[in-house]
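Colleague: I am about to read my first model of a protein chain, and I would like to go through it slowly with you. Please explain each term when it comes up.

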Amino acid sequence: MKVVALVSGGKDSCYAMMKCIQYGHEIVALANLMPADDSVDELDSFMYQTVGHQIIASYAECMGLPLFRRRIQGSTRHQTLNYKTTPGDEVEDMFVLLNEVKRQIPSITAVSSGAIASDYQRLRVESVCSRLGLVSLAYLWKQDQSLLLHEMITNGIWAITVKVAAIGLVPSKHLGKGIAFLNTHLHKLKELYGINVCGEGGEYETLTLDCPLFGSASGYTLLIVHPFSLEIKVSGLRTLYTMGKNARIVLDEFQIVLHSPGSIASVGVIHPLAFHLENKETAISLSNNDKANYSSPEKKGSVFEVQGDCPQRSEATCQSNAERNNLVEVRDDIIYISRTKKDNIFSICCWLQDSCKTSAGSNEDLAIVLKHIESQLTGYGFGWGHVLYIHLYIADMNEFAMVNETYVRFITQEKCPFGVPSRSTIELPLLQASLGKAYIEVLVASDNSKNVLHVQSISSWAPSCIGPYSQATLHKEILHMAGQLGLDPATMTLCNEGPSAELEQALENSEAVANVFNCSISTSAVVFTIYCSANTPLPERLEIQEKQDCFLEQMRLLQLEYGSKCKILYPIFLYVLVPDLPKRASVEVKPILFVPRGHRNSKDHVAKIGSESLGVNEKDVDHHNSVSKREYGKGIKILCLSS
């Protein structure tokens, strides 16, 4: 993808660009937000680093890329975790900035940011990207900060501290020092006071004066040196070339400004007074292919200031969706409803019988079913925001894209202020069982006390959920995970080494999600549903079961090795043979976990919305007995769909 990189000048945004290139993307523009007053170093902003903004214009020259800048007009007005479009908020400045970048360079499809641990910042970048139809790339997200800092140093990020604001960091002693010099000291402070070694808690901010991107551009041979190893891996096939100046930034003179002198943790920032560009010694040549592929040559190294007022919120899209949804005809004579209730949760199943006689495809069936479920929820005094989980079963996976378009018309962020529900999508032989072309089951809570984890950014952490469905929903003490495929999170492509490799990757993805809630699939799972594609040969299906048992046992041993005192739960395993899965995957994993309150993580890691109620209502068996069960060992059930 062609990427515009959000740059603050800090080490994180620069290393995020390097990771984008490592995974095959092309940086074609830079974007930066700066104070309205050039003389101001730091704003009272929850979103943006502005210290060192005087130097950012040099990035365009060093990288040979267009830099789009906007002076921040807004302030922090919407302070809750999940952002809603708010006129006058500083996030709207980012929207205006990126909207202009997209207008001038229409080929841009993604935005890079250096978010590591802040849900507050990530969610706002994702919100803006969603409104602009762009993909958020956050390759540093949830990475171990000690390893990450080591990687940055090893791979040539030369950054100095331009702000310190933590106990143990003294402005007169530690400002202007390189991260390599401070590495040992930062880890000592982590042991003593629990600071974030990458500065994610605001302990310090940095300004990158040199990195492998300076004097290159988007296509180069990137050497990724893995920490604590002598191994060097080469990513990318193109030759490093000089589109901008082959130069580094040298800070000649600066002033230290103290904000709270004499306090336990004095806050100090660097105000740059003079700097220049210094040519590097390495001469690097440009390949002919890269010359031909590089876009917008007349804009290289240019700086554009984006002006204009932030737009008022438009409800046109919501109204359009509402109008289209109202056109859906609900045919009560052929709709079937199944409803069960347990404590303060209930489930609704809905399908159309013999729909092949009356509908054109799965998307038409789905629109009718979703409209009817919406009416049912309204009748109970609820809405989509009360839904914890959605099982989406369709008759033909070839229609998945159209089905998804229909789905997103009904389940939206606006309708789910407490977080969109998690989801799994499976192809089933619905028509043979007279269940129509789309069968929906929703699990509903009678309150809004749920924790929703919804990461839309592509990262190395776990597969993103770009649409209106989340990775996991925690309600009371039960964690419902979305179905996980064997996708490589960084590239969002399926493993190509067979069904067992897909299963292992799917389990690793599930574990990454579980870790956010401070638990593990190896010790906390109560139910494992494994969907296996009928296209998978029988020997490989049996190998999948063996692989899962081995993987989980190894994870349990690892948990014990690290001193985990969690009680180990041994789950029920449900193996379901299905005609097809999304992306033609061989396997999909859907765990349900028990997460005691004492083991949950803090708000900083999970979008905390409430803290009450839940139960499990797992329905992988349809209502027309097309599923047969048989016991297979203690605590394990094998389910095979009849086709």
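Colleague: In which helix do Arg122 and Glu126 lie?

Modeller: This is a predicted model, in which local features need pLDDT of at least 70, side-chain atom pairs count only at pLDDT 80 or more, and totals for chains, interfaces and linings use all residues. Residues are numbered from 1 along each chain as its sequence is written, and side-chain values use heavy atoms, leaving out hydrogens and water. Helices (H or I, at least four residues) and strands (E, at least two) are DSSP runs numbered from the N terminus. Arg122 and Glu126 are four residues apart, about one turn of the helix, and both of them lie in α4 (residues 119–132).

Colleague: How far apart, N to O, are the side chains of Arg122 and Glu126 in their salt bridge?

Modeller: A salt bridge is a side-chain nitrogen of Lys or Arg within 4 Å of a carboxyl oxygen of Asp or Glu. For the side chains of Arg122 and Glu126, which meet in such a bridge, the N to O distance is 2.9 Å.

Colleague: Are Arg122 and Glu126 buried or exposed?

Modeller: Buried means under 20% relative accessible area, exposed means over 50%, and partly exposed lies in between (1.4 Å probe, protein chains only). In the chain as a whole, buried residues make up 56% of the 643 residues. Both Arg122 and Glu126 are buried.

Colleague: Is α3 parallel or oblique to α4?

Modeller: Axes are lines fitted to C-alpha atoms, for helices over the stretch in contact, and angles run from 0 to 180 degrees between N-to-C directions. The axes of α3 (residues 91–104) and α4 come within 10 Å and cross at roughly 40 degrees. Angles under 35 degrees count as roughly parallel, over 145 as roughly antiparallel, 65 to 115 as roughly perpendicular and the rest as oblique. Because of its crossing angle, α3 is therefore oblique to α4.

Colleague: Which residues of α4 take part in the contact with α3?

Modeller: Contact means heavy atoms within 4.5 Å. From α3 the contact is made by Val91, Glu92, Met94, Phe95, Leu98, Asn99 and Lys102, and from α4 by Arg124, Val125, Val128, Arg131 and Leu132.

Colleague: At roughly what angle do the axes of α10 and α11 cross?

Modeller: The axes of α10 (residues 362–379) and α11 (residues 400–410) come within 8 Å of each other, and α10 counts as roughly parallel to α11 because of the angle at which they cross. Their contact is made by residues including Leu366, Leu370 and Glu374 of α10 and Val403, Tyr407 and Phe410 of α11. The axes cross at roughly 20 degrees.

Colleague: Is α1 roughly parallel or roughly perpendicular to α5?

Modeller: The axes of α1 (residues 11–22) and α5 (residues 145–154) come within 11 Å and cross at roughly 75 degrees. The residues that make the contact are Lys11, Asp12, Tyr15 and Lys19 of α1, together with Leu148, Leu149, Glu151 and Met152 of α5. Because of the crossing angle, α1 is to α5 roughly perpendicular.

Colleague: How many residues apart are Lys547 and Glu504?

Modeller: Lys547 forms a salt bridge with Glu504, their closest N and O atoms being 3.1 Å apart. The pair links distant parts of the chain, with Lys547 in α14 (residues 538–561) and Glu504 in α12 (residues 499–516), and the separation is 43 residues.

Colleague: Why does Lys547 count as partly exposed?

Modeller: Its partner Glu504 counts as partly exposed because its relative accessibility is 26%. Lys547 counts as partly exposed because its own relative accessibility is 30%.

Colleague: What is the phi of Arg584?

Modeller: Arg584 is found in the loop between β25 (572–578) and β26 (587–594), and it forms a salt bridge with Asp580, the closest N and O atoms being 2.7 Å apart. Arg584 is partly exposed because its relative accessibility is 45%, whereas Asp580 is buried because its relative accessible area is 7%. Most residues other than glycine have a negative phi. Arg584 is not a glycine, yet its phi is positive, at about 60 degrees.

Colleague: In which loop is Asn518 found?

Modeller: Asn518 is another residue other than glycine with a positive phi, near 60 degrees. It is partly exposed because its relative accessible area is 40%. Asn518 is found in the loop between α12 and α13 (521–524).
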